[in-house]
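Hi,

Here is the structure I promised to pass on to you. Have a look at it first, and then read on for what turned up.

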Amino acid sequence: SIAFLSRSMSTAEQRSKQLHLCKSKWGFWVTAWAILSTASANHPAFDPGEKQVNKEHIGDGLTLADDPEFAKKPEAAYALEDPACEEAPGWSEYRSQLMALVAIEWQDAAALAYEWMNSRGMMKTKIMDDEAKHCLPGVVASLHLLVRFSLEEDGSWESAVYMTRCLSGYASSMHPDKFDQITANGTRWPVTVAEMDSIRRRLAVASANRTTTSWKNEAGESYVGNAFTMMGTDEVEPGISMKNSVRVYVYDVEDYFELRVLARGASFCRENQWGFEVGLHEWFLACPCRTEDPLEASCVVPSGILFAISSGISSDILTCIP
């Protein structure tokens with residue numbers, strides 16, 4: 001094991017043998033250990049007697065805390081301090097106009113969001129990133145309105161998915177409870193975690209029977225198949241297509257309060273360490289094998305995301321009928 005190697009290999013000859021093990025299946029880990037132990041030995045606070053970095057001896061030695069990246073203030077911290085973006089030039093006035101329009105006609109608010117983002121040059125990722133540093137909730141709310149408009153008014157699944165990917169990256173930078181605190185549950189900025197979760201699921205469901213279209217983004221990228229680039233005609237084994245294989249019924253999260261609680265914060269979970277749980281749920285939602293009739297299903301998926309914020313246990317369960 002790595003622990004055994006770290007205790008027993010100390011001489012130059014043994015280290016040479018250790019590096020030679022790169023040819024074995026443990027080679028990667030052994031090499032990593034060799035690099036890390038060498039780096040530790042050269043650390044200013046390395047104690048030869050204890051054969052480890054002794055924090056009491058650090059003195060002028062550098063640690064991770066000295067890395068400039070750790071000194072940067074995250075966008076989420078700014079958002080908590082100034083949730084209405086009063087100190088961000090132009091954003092406070094924009095927010096007032098946006099909320100006034102949402103109260104009358106959300107489509108008009110989406111049109112304003114589009115005009116605002118264009119006027120600020122935010123269709124360029126670098127500029128949008130810079131704006132998010134000053135008004136993260138405003139960027140997320142604007143993108144959410146555009147995603148909804150693309151899906152519900154334009155009928156462009158591709159555009160909605162494209163912008164959702166961007167939206168998810170920003171929304172994932174803060175805990176869902178903190179996000180709703182910042183937007184005051186949609187009364188300060190016109191977006192909530194529940195709304196973003198819902199539209200993610202709708203996009204997955206809408207893609208189940210997609211094949212391909214002529215749509216392309218500015219980079220020339222297109223989408224083939226469903227949200228996971230899978231088509232119903234794809235064979236799971238010779239002669240059996242995905243659509244005609246097993247039939248899976250996925251419980252509708254919107255119908256069950258308990259599932260809405262479990263599935264809360266999909267963007268946050270998807271982009272952090274619980275991505276598999278979210279991906280598994282959305283994979284079944286988008287699968288051509290999914291059926292809306294539980295009586296014809298051979299498998300049932302009562303999906304939810306009980307992510308590590310609460311207990312670290314996944315509740316995605318696939319129950320199949322023999």
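**The cysteines**

C85 is buried, and C135 is buried too. Please keep in mind throughout that this is a predicted model. C85 and C135 form a disulfide, with 2.1 Å between their sulfur atoms. The link is right-handed, with 90 degrees about the S-S bond. What I like about this pair is where the two ends sit: C85 is in the loop between α5 (75–81) and α6 (91–102), while C135 is in the loop between α8 and α9. The two cysteines are 50 residues apart, and the pair links distant parts of the chain.

How many disulfides does the structure hold? There are 2. The other pair is C287 and C289, whose sulfur atoms lie 2.3 Å apart. This disulfide is right-handed as well, because the torsion about its S-S bond, between C287 and C289, is about 125 degrees. Both partners are out of the solvent by the usual cut-off, under 20% relative accessible area: C287 is buried at 1%, and C289 is buried at 2%.

Two further cysteines may catch your eye. C269 has a relative accessible area of 0% and is therefore buried. C166, in contrast, counts as partly exposed, with 26% relative accessibility.

**The chain as a whole**

Now a step back to the overall picture. The protein chain has 15 helices and 7 strands. It runs to 322 residues, and buried residues make up 41% of them. Taking contacts between residues at least 6 apart in sequence, 62% join residues at least 24 apart. The chain exposes about 18,300 Å², and carbon and sulfur atoms supply 56% of that area.

**The largest pocket**

If you have time for one site, I would suggest this one. The largest pocket holds about 700 Å³ of space. Of the 27 residues that line the largest pocket, the closest to its centre are M123, S159, Y162, M163 and E218. Four elements give two or more residues to the lining: α7 (106–119), α8 (125–134), α9 (136–152) and α10 (157–171).

Which of these helices gives the most to the lining? That is α10, with 5 residues. As for the chemistry of the lining, its residues divide into 16 nonpolar, 5 polar and 6 charged.

**A buried alanine in α7**

One of the helices that contribute to the pocket lining, α7, also holds A113. Is A113 buried or exposed? A113 is buried, since its relative accessible area is 0%. Leaving aside neighbours within four places in sequence, A113 is in contact with Y94, L98, S142, L145 and L146. Another distance to check in your viewer is the one from A113 to H144: their C-alpha atoms are separated by 9.5 Å, and the two residues are 31 apart along the chain.

**The loop between α11 and α12**

Next, please look at T183, which lies in the loop between α11 (176–182) and α12 (193–206). T183 counts as buried because its relative accessibility is 0%. Not counting residues up to four places away in sequence, T183 touches R188, W189 and V191.

A184 belongs to the loop between α11 and α12 too. At 22% relative accessibility, A184 counts as partly exposed, whereas T183 is buried. The backbone of A184 deserves a look: its phi is near 55 degrees, a positive value in a residue other than glycine.

**A second positive phi**

Where else might you check the backbone? T229 has a positive phi of about 55 degrees although it is not a glycine. T229 is placed in the loop between α12 and β3 (235–237). With a relative accessible area of 60%, T229 is exposed, while A184 is partly exposed.

That is the tour. I would be glad to hear what you make of it.

Best wishes

Terms used
Residues are numbered from 1 along each chain as its sequence is written. This is a predicted model: local features need pLDDT of at least 70, side-chain atom pairs count only at pLDDT 80 or more; totals for chains, interfaces and linings use all residues. Side-chain values use heavy atoms; hydrogens and water are left out. On a 1 Å grid over the protein atoms alone, a cavity is a set of points where a 1.4 Å probe fits but cannot get out, and a pocket is an open set with protein on both sides within 12 Å along at least five of seven lines; lining residues have an atom within 4 Å of a point. Grid points are joined across faces, edges and corners, and a volume is the space filled by probe spheres set on the points. Ala, Val, Leu, Ile, Met, Phe, Trp, Tyr, Cys and Pro count as nonpolar, Asp, Glu, Lys and Arg as charged, and the others, Gly among them, as polar. Buried means under 20% relative accessible area, exposed over 50%, partly exposed in between (1.4 Å probe, protein chains only). Contact means heavy atoms within 4.5 Å. A disulfide is a pair of cysteine sulfur atoms within 2.5 Å. Accessible areas come from the Shrake-Rupley method with a 1.4 Å probe; for residues, only the protein chains shown count as cover.
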